[in-house]
Amino acid sequence: KQRYQRRVRGTCEEVANLRSTVSRLAIQITGDYCVMLKSAMDADVERICECLLTKSADMNNFIRNDIYVSLGKVIDNVTPHRALAALINHGAYHKNGAVRSIAAQYFKDVVARMSVAKCLGNKDLTPKFLSALERFCHDNNQETRYYGRVVLSTFKDAPGFEATCQKHLSPKAARNLHDMCDTLNRKGVGSLPSTLDRTSGRNRSSNMSATFPGQRSRKPSRKSDHEQENTLLGKGTAAVAGDSPTYHGIQL
C-alpha cells in the first residue's frame with residue numbers, strides 16, 4: 001500500500017510539471033489509477049482532485065481535455081461522498097473562475113449518483129454541501145451558476161430541505177438559497193449559455209482527435225537556403241533562355 005501511495009504522490013507532483021508532455025501523461029495516469037484501484041484510491045482522492053483542479057486553470061486545451069477525462073474517471077470509481085468532499089474543498093472556493101466551473105460540473109455529476117438522504121443526512125458533509133451549493137448558485141460565472149441551479153432543482157422539494165439550510169447555513173446564505181428556489185419555481189433551471197460549449201466534459205475527448213504526448217504531425221521539410229537559391233537561379237536562367245514562365249499552370 002505504501003508503495004503505490006508513493007507512486008500516486010509522485011504522479012500528482014508531475015501534474016504541475018511545466019513540460020506539457022510530462023504533465024499530460026501524469027494527468028492521464030491519475031485517472032487510470034482510479035479505474036484500476038477504485039475505492040482503494042479513497043485515501044488519495046483529495047490529493048488527486050487538488051492537483052487536477054489546480055492544473056485546470058491552464059489555458060492549454062489539450063491539458064484541459066485530459067483533466068476532464070481524468071476527473072470523470074475519478075468520480076466514477078471512488079466513493080461518491082469522498083469525491084464530493086474533495087471537489088468542494090479544492091474547487092468551490094478557488095479564486096480562478098474556470099476551476100470553479102469545472103468543479104461545479106463534476107459536483108453536479110457526483111450528486112446525481114448520491115441520494116438526497118446521503119447529501120443532507122451526513123453531519124460532516126451536509127454543511128459543506130449546502131455552503132458549496134449556495135456558492136455555485138451565486139457565482140460570477142454563468143456556467144457555474146447553471147450547474148448550481150441544476151443541483152438545487154433536485155433538492156428544493158426534498159422534505160426538510162429549508163429547515164436543513166437554516167440549521168447549517170448562515171441566515172444570509174439560507175435566504176439566498178430560499179430566493180433561488182422561488183426563482184426556479186417561476187422560471188425553471190434554464191439552459192447553458194449559448195456562448196458556451198454544451199458538450200459534456202467527460203465526452204469531449206471523443207469529439208477531439210486523439211493526440212497523445214509525443215505524437216505530433218510532421219510538417220513537410222523545408223528546402224535549404226542553398227536549394228531555394230538554385231531553384232530561383234534556374235527559373236531566372238529559363239526566363240533568359242526564352243522559356244515561357246508559368247504560374248500554377250497558367251502560361252504568362
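**A positive patch and its helix**

I would like to begin at the surface, where R3, R6, R7 and R9 together form a positive patch. Please keep in mind throughout that what we are looking at is a predicted model.

Let me take one member of that patch, R7, which is placed in helix α1, the helix that covers residues 2-15. Is R7 buried or exposed, or does it fall in between? Its relative accessibility is 47%, and because partly exposed covers the range between under 20% for buried and over 50% for exposed, R7 counts as partly exposed.

Helix α1 also holds Q5, and here the picture changes, since Q5 has a relative accessible area of 18% and is therefore buried, the cut-off being under 20%. Which residues does Q5 touch once its neighbours within four places in sequence are left aside? The contacts of Q5 are then with A43 and D44.

Stepping back to the protein as a whole, we have twelve helices and two strands, and if you read along the sequence the order is α-α-α-α-α-α-α-α-α-α-α-α-β-β, with the two strands coming after the helices. The protein has 252 residues, of which 38% count as buried, while its accessible surface comes to about 14,800 Å², with 50% of that surface belonging to carbon and sulfur atoms.

Finally, a word on contacts along the chain: among those in the protein with a separation of 6 or more, 71% are between residues 24 or more positions apart.

Notes
Residues numbered from 1 in each chain as written. Predicted model: local features only at pLDDT ≥ 70, side-chain atom pairs only at ≥ 80, totals over all residues. Heavy atoms only, no water. Patch = residues over 30% accessible without salt bridge, like charges linked within 9 Å, V, L, I, M, F, W, Y side chains within 5 Å. Areas by Shrake-Rupley, 256 points an atom, 1.4 Å probe, with all protein chains shown as cover. Salt bridge = Lys/Arg side-chain N within 4 Å of Asp/Glu carboxyl O. Lys, Arg positive; Asp, Glu negative; His and termini not counted. Charge placed at Lys NZ, Arg CZ, Asp CG, Glu CD. Helix = DSSP H or I, 4+ residues; strand = E, 2+ residues; numbered from the N terminus. Buried < 20%, exposed > 50% of the residue type's maximum accessible area, 1.4 Å probe, protein only. Contact = heavy atoms within 4.5 Å.
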